[in-house]
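Let's take a walk through this structure together, one piece at a time. Keep the viewer open and follow along as we go.

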Amino acid sequence: MQFKVFEPDIEVNGSTVYSVIAGLGYFTNLSRRYFSRVNIGTVVNKELRIDMDGWYPQHAWLEAFKNIAEQVGDRVLYRIGLSVPESAQFPPWVVDIDTAIKAIDIAYHLNHRKNGSPLFDMNAGTIIEGIGHYGYERDRDGKNRIISVSHNPYPCAFDHGIVTAMAHKFEPNAVVKHDDTKECRSRSAETCTYTITW
């Protein structure tokens with residue numbers, strides 16, 4: 001389900017928060033209003049300032065997302081998702097569409113933490129659970145197709161934008177579609193499925 005944390009005490013890093021605010025573009029007044037209302041960032045001279053090295057509570061972050069979604073809708077959430085990969089941390093082995101889609105889950109965990117520790121341990125190469133996942137499954141018939149199942153508390157349209165941006169980094173003509181025959185978090189389900197073809 002969208003906007004509900006899986007576990008308490010999860011935090012999101014400031015650079016990810018900043019990328020979402022940047023993705024709001026013309027809607028910066030909304031970011032100032034909704035993020036500052038839940039104590040994300042500080043308002044200085046009518047401008048929302050985010051500590052890029054800081055960490056913010058995921059529950060507050062999701063509450064701001066929910067308010068923005070209700071105010072401006074899915075098109076803006078999709079656009080915000082498109083902007084997130086621009087400033088997120090990704091491993092150096094991301095070199096093609098397959099590794100890009102696989103890396104979404106790692107970057108997702110790198111940019112969240114619990115009890116002061118990132119949810120991806122770079123040294124051990126292990127993920128710590130608590131925020132769900134972005135899936136990766138390559139077509140077994142050799143077609144240029146990847147299935148990504150998102151199971152996390154973020155909005156469907158936002159994730160659609162993230163998956164699209166990552167696919168386009170290496171395959172500019174890739175088409176990313178939400179699989180409407182499957183369940184959807186916007187309809188109170190646990191997951192959303194995106195099909196990437198090129």
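Ser150 is a good place to begin: this residue sits in strand 11. The model is a predicted one, so everything below describes computed geometry. Is Ser150 buried or exposed? Its relative accessibility is 0%, and since buried means under 20%, Ser150 counts as buried. If you set aside the neighbours within four places in sequence, the residues in contact with Ser150 are His133, Tyr134, Asp159, Arg185, Glu190, Thr191, Cys192 and Tyr194.

Two of those contacts point the way onward. Cys192 and Tyr194 touch Ser150, and strand 13 covers residues 192-197. Strand 11, which spans residues 145-151, pairs with strand 13 in the antiparallel sense, over six bridges. One pair to look for is Ile146, whose bridge partner in strand 13 is Ile196. Strand 13 also pairs with strand 12 (residues 175-178): four bridges join them, and they too run antiparallel. Here Lys177 stands opposite Thr195 of strand 13. How many of the six residues of strand 13 are buried? Five are, so this strand is largely enclosed by the rest of the structure.

Another contact of Ser150, Asp159, takes us to helix 6, where Asp159 is among the buried residues. Helix 6 runs over residues 156-170. With 15 residues at 1.5 Å a residue, the helix should span 21 Å; the end C-alpha atoms are 22 Å apart, which agrees with that expectation. Helix 6 is mostly covered, as twelve of its 15 residues are buried. Besides Asp159, these include Cys156, Phe158, His160, Val163 and Met166.

Part of the surroundings of helix 6 is helix 4 (residues 74-83): the two axes come within 6 Å and cross at roughly 35°. The crossing is right-handed. On the helix 4 side, the contact is made by Asp74, Leu77, Tyr78, Ile80, Gly81 and Leu82. Helix 6 contributes Ala157, Phe158, His160, Gly161, Ile162, Thr164 and Ala165. Sorted by class, this contact has eight nonpolar, four polar and one charged residues.

Now let's turn to another sheet. Strands of a sheet pair through backbone hydrogen bonds, either parallel or antiparallel. Which order do the four strands of this open sheet follow? They are arranged 4-1-5-6, with antiparallel pairing. Strand 4 (55-57) and strand 6 (117-118) stand at the edges with a single partner strand each, so one side of each has no neighbour in the sheet. Helix 3 (residues 58-72) packs on this sheet, where it touches strand 1, strand 4 and strand 5; its direction makes about 70° with that of strand 4. Helix 5 (residues 97-110) lies across strand 4, strand 5 and strand 6, and runs at about 50° to strand 5.

Within the sheet, strand 1 (residues 10-13) and strand 5 (residues 112-114) run antiparallel and are joined by three bridges. Glu11 has Arg113 of strand 5 as its bridge partner.

We can finish in the segment before strand 1, where Asp9 is found. Asp9 has a relative accessible area of 57%, and since exposed means over 50%, Asp9 is exposed. Its phi is near 70°, a positive value in a residue other than glycine. Phe3 lies in the segment before strand 1 as well, and the phi of Phe3 is also positive, near 70°.

Terms used: Residues are numbered from 1 along each chain as its sequence is written. This is a predicted model: local features need pLDDT of at least 70, side-chain atom pairs count only at pLDDT 80 or more; totals for chains, interfaces and linings use all residues. Side-chain values use heavy atoms; hydrogens and water are left out. Helices (H or I, at least four residues) and strands (E, at least two) are DSSP runs, numbered from the N terminus. The expected span of a helix is 1.5 Å times one less than its number of residues. Buried means under 20% relative accessible area, exposed over 50%, partly exposed in between (1.4 Å probe, protein chains only). Two strands pair if DSSP finds at least two bridges between them. Contact means heavy atoms within 4.5 Å. Axes are lines fitted to C-alpha atoms, for helices over the stretch in contact, and angles run from 0 to 180 degrees between N-to-C directions. A crossing is left-handed if the near helix is turned anticlockwise from the far one by less than a right angle, and right-handed if clockwise. Ala, Val, Leu, Ile, Met, Phe, Trp, Tyr, Cys and Pro count as nonpolar, Asp, Glu, Lys and Arg as charged, and the others, Gly among them, as polar.
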